[in-house]
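Trainee: Got a minute? I'd like to walk through this model with you.
Mentor: Sure. Put it up and fire away.

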Amino acid sequence: MTTSTPTSDVIDAAVPLAPDHPTWALRRQRDKVVAATQGSYDAMFSPAVEGLSVSERLLVALHACRVSKADSLAAHYRDRLAAEGADSAVTAAVDAGKPVADARLHAVLAFTGKLIERPIEGDKAAVQSLVDSGLSTPAIVAMSQLIAFLSYQIRVAAGLKALAAVEVAA
């Protein structure tokens with residue numbers, strides 16, 4: 001087993017565990033997985049990703065977290081949106097699950113919801129709705145990768161919270 005010195009990442013912020021907590025140590029048994037998870041996060045929200053703005057990707061993340069009831073991660077993405085200077089009315093609408101006026105963003109959020117809640121509906125017609133909304137093939141691929149990453153991130157945070165809760169109960 002290898003453990004590293006305490007470093008903070010998005011998962012640590014979403015599931016605050018002390019370095020002496022057994023779940024913290026368990027997570028760090030595979031340092032490369034911790035690093036790869038944060039590295040994937042960094043890549044997903046890099047300004048270098050073409051086709052979707054950082055704010056659009058953060059709105060996708062907020063929506064995925066809201067739909068998944070991942071409140072601590074949703075708070076992280078809300079904070080990132082504010083820091084990014086995103087339109088607060090749009091952020092509030094997405095956070096509340098209300099419709100947004102922008103047709104492109106509406107299509108992106110609808111696709112996100114389908115992949116998060118009912119992946120079987122992420123079919124050719126769903127992808128075509130993105131094309132019809134003006135998304136390029138690279139943007140659709142980037143968004144799909146983002147949604148897959150968010151599903152993973154949400155599950156990692158939920159699993160760590162569940163393990164920590166069991167440890168507290170024991």
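Trainee: How much area does the chain expose, and what share do carbon and sulfur atoms supply?
Mentor: The chain exposes about 8,900 Å². Carbon and sulfur atoms supply 60% of that. Keep in mind that this is a predicted model.

Trainee: And what percentage of residues is buried?
Mentor: Buried residues account for 40% of the 170 in the chain.

Trainee: Switching topic. How many helices and strands?
Mentor: Nine helices, zero strands. The radius of gyration is 17 Å, close to the 15 Å from the globule rule for 170 residues, so the chain is as compact as a globular protein of that length.

Trainee: What does the C-alpha trace span along its principal axes?
Mentor: About 50 × 35 × 30 Å.

Trainee: Now the inside. How many residues are in the largest nonpolar core?
Mentor: That core has 48 residues. F45, L73, Y77, L130, M143 and L150 have the most contacts inside it. Helices supplying at least two residues each include α1 (10–14) and α3 (31–44).

Trainee: Which helix gives the most?
Mentor: α9, with eleven residues. That helix runs over 137–169.

Trainee: Pick L130. What is it in contact with, leaving aside neighbours within four places in sequence?
Mentor: L130 is in contact with A107, V108, F111, L135, I140 and M143.

Trainee: Last one, charges. How far apart are the mean positions of the positive and negative ones?
Mentor: They sit 4 Å apart, for 16 positive and 18 negative charges.

Note on methods: Residues are numbered from 1 along each chain as its sequence is written. This is a predicted model: local features need pLDDT of at least 70, side-chain atom pairs count only at pLDDT 80 or more; totals for chains, interfaces and linings use all residues. Side-chain values use heavy atoms; hydrogens and water are left out. Helices (H or I, at least four residues) and strands (E, at least two) are DSSP runs, numbered from the N terminus. The radius of gyration is taken over C-alpha atoms; the globule rule is 2.2 Å times the number of residues to the power 0.38. Buried means under 20% relative accessible area, exposed over 50%, partly exposed in between (1.4 Å probe, protein chains only). Accessible areas come from the Shrake-Rupley method with a 1.4 Å probe; for residues, only the protein chains shown count as cover. Lys and Arg count as positive and Asp and Glu as negative; His and the chain ends are not counted. The place of a charge is taken as NZ of Lys, CZ of Arg, CG of Asp or CD of Glu. A nonpolar core is a set of buried Ala, Val, Leu, Ile, Met, Phe, Trp, Tyr and Cys residues joined through side-chain atoms within 4.5 Å. Contact means heavy atoms within 4.5 Å.
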